[in-house]
Amino acid sequence: MITNKDLIDNNKFFLIAGPCAIEGKEMAEEICGKIKEIADEFELKFIFKGSFKKANRSRIDSFTGIGDHKALEILKTVGKKYNVPTTTDIHEVEHSKIASQYVDILQIPAFLARQTDLVVSAAKTGKIVNIKKGQFMSPEAMSHAVNKVTDSGNKNVMITERGNMFGYQDLIVDFRGIPVMKNYAPVILDVTHSLQQPNQKAGITGGRPEMIETIAKAGIVSGVDGIFIETHPYPENAAKFECRKSEENREQFWQELDTRQRVREKSALTQSETKLNRELVRVAPGLRHLLLEHLDPLRLPREGELQLV
């Protein structure tokens, strides 16, 4: 069982990345494998993320999952194949015991950060509990959420910053909150969710992916312990995939997904290393560039080094 100490490195951030939801084994292995290549290249600790069930969609007809146990089994299988820890979010008390048998870290969604029974049930599994800060909560208020875990006998707790509501349909990140929350627990910055534009009339959340690199850099220099980025190799097709109600149709769709496009992109990788990022994380186009160009200058200062004040 991994602990906070296994992940925290004062000189480098760790990376949590993966798809929004587990859509199938093939996609999970493809995404995990590509991210691990990058993480290994830059000697980053990597946790593979994938939701086994999406219980907080805006619309009732949105894709929620392929089946709880099937998705959890895929997470466990992929984690073992690539020798990486895994994480998933839980929404009900009953999920704590079930999910803890498959993954290493239990994530509490932002909207549920104050749900005492849920947080305590996650804490009692002994797993690392990663609590996403509610978009409506102050950094200081997260101390009480952390205490719910530690007072339940579990010292392995983390906080994830994912932005604050700015009006009805936008989010902003107040980076002043990061050092405040680091007084309570290690802090992760959820880059992609911080750039969401929620509550759209169509019931589909928008976003600002072109700002991912900017927010990630700001988080690193602000001292976050980890970076969280949701990824998908074919985001333009993910919506189509989610619309397939039948499990058989979803599996068939993934297998048949634009084969020629995938062949072209994979061939391009052999011609130019820079194509890797476009293949890997289109939703986060600057990830590899960010690591390559800015990892060393923006690493967290070592003890005794000059720091900006």
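Let's start at a helix on the way around this predicted model: K97 sits in helix α4, which covers residues 93–99. K97 is exposed, with a relative accessible area of 63%. Its C-alpha atom is separated by 9.0 Å from that of K124, although the two lysines are 27 residues apart along the chain.

**The chain as a whole**

From that lysine, it helps to step back. The protein chain has 14 helices and 12 strands. Of its 309 residues, 53% count as buried. The chain exposes about 14,900 Å², and carbon and sulfur atoms supply 50% of that area. Among contacts with a separation of 6 or more, 69% join residues 24 or more positions apart.

**The barrel**

Eight of the strands deserve a look together. A closed barrel of 8 strands runs in the order β1-β2-β3-β4-β5-β6-β9-β12, with parallel pairing. On average, neighbouring strands of this sheet are turned by 25° against each other, direction ignored.

Here are some of the pairings in the barrel, each with one pair of bridge partners where the two strands meet.

| Strand pair | Bridges | A bridge pair |
|---|---|---|
| β1 and β2 | 3 bridges | A17 and F48 |
| β1 and β12 | 5 bridges | I16 and F228 |
| β4 and β5 | 4 bridges | Q107 and N130 |
| β9 and β12 | 3 bridges | I188 and G226 |

G226 of β12 turns up again on the β1 side, where G226 is the bridge partner of F14.

Helices accompany the strands too. Helix α3 (residues 68–82) lies across β2 (46–49) and β3 (86–89), and runs at about 160° to β3.

**Two enclosed strands**

Strand β1 (residues 14–18) is a good place to look inside. All of its residues are buried, 5 of the 5, so β1 is largely enclosed by the rest of the structure. In a regular strand the side chains alternate between the two faces of the sheet. Here both faces of β1 are covered: F14, I16 and G18 are buried on one side, and L15 and A17 are buried on the other.

Its partner β12 (residues 226–230) gives a matching picture. In β12, 5 of the 5 residues are buried, so this strand is also largely enclosed by the rest of the structure. G226, F228 and E230 point one way, I227 and I229 point the other way, and all are buried.

**Nonpolar cores**

Where do the buried nonpolar side chains gather? The largest nonpolar core has 60 residues, and those with the most contacts inside it are F48, I108, I131, V191 and I227. Helix α2 (residues 25–41) gives the largest share of this core, with 7 residues. A second, separate core of 10 residues includes F14, I105, M158 and F228. Two of these names are familiar from the strands: F14 belongs to β1 and F228 to β12.

**A buried aspartate**

F228 also leads to D190, since the two residues touch. D190 is found in strand β9 (residues 187–190). Is D190 buried or exposed? D190 counts as buried because its relative accessibility is 0%, and the cut-off for buried is under 20%. Its side chain makes a polar contact with the side chain of K132, at 2.5 Å. K132 belongs to strand β5 (residues 128–132). Not counting residues up to four places away in sequence, D190 touches K132, T160, E161, R162 and F228.

**Two loop residues with positive phi**

To finish, here are two residues in the loops. Most residues other than glycine have a negative phi. E43 has a phi near 55°, a positive value in a residue other than glycine. E43 is found in the loop between α2 and β2, and E43 is exposed with a relative accessible area of 63%.

N83 likewise has a positive phi near 55° and is not glycine. N83 lies in the loop between α3 and β3. With a relative accessible area of 69%, N83 counts as exposed. These loops lead back to the barrel, where β2 and β3 take their places in the strand order.

How values were computed
Residues are numbered from 1 along each chain as its sequence is written. This is a predicted model: local features need pLDDT of at least 70, side-chain atom pairs count only at pLDDT 80 or more; totals for chains, interfaces and linings use all residues. Side-chain values use heavy atoms; hydrogens and water are left out. Two strands pair if DSSP finds at least two bridges between them. Axes are lines fitted to C-alpha atoms, for helices over the stretch in contact, and angles run from 0 to 180 degrees between N-to-C directions. Contact means heavy atoms within 4.5 Å. Buried means under 20% relative accessible area, exposed over 50%, partly exposed in between (1.4 Å probe, protein chains only). Accessible areas come from the Shrake-Rupley method with a 1.4 Å probe; for residues, only the protein chains shown count as cover. A polar contact is a pair of N or O atoms within 3.5 Å; within protein, one must be able to donate a hydrogen and the other to accept it, and residues adjacent in sequence count only if both atoms are side-chain atoms. A nonpolar core is a set of buried Ala, Val, Leu, Ile, Met, Phe, Trp, Tyr and Cys residues joined through side-chain atoms within 4.5 Å.
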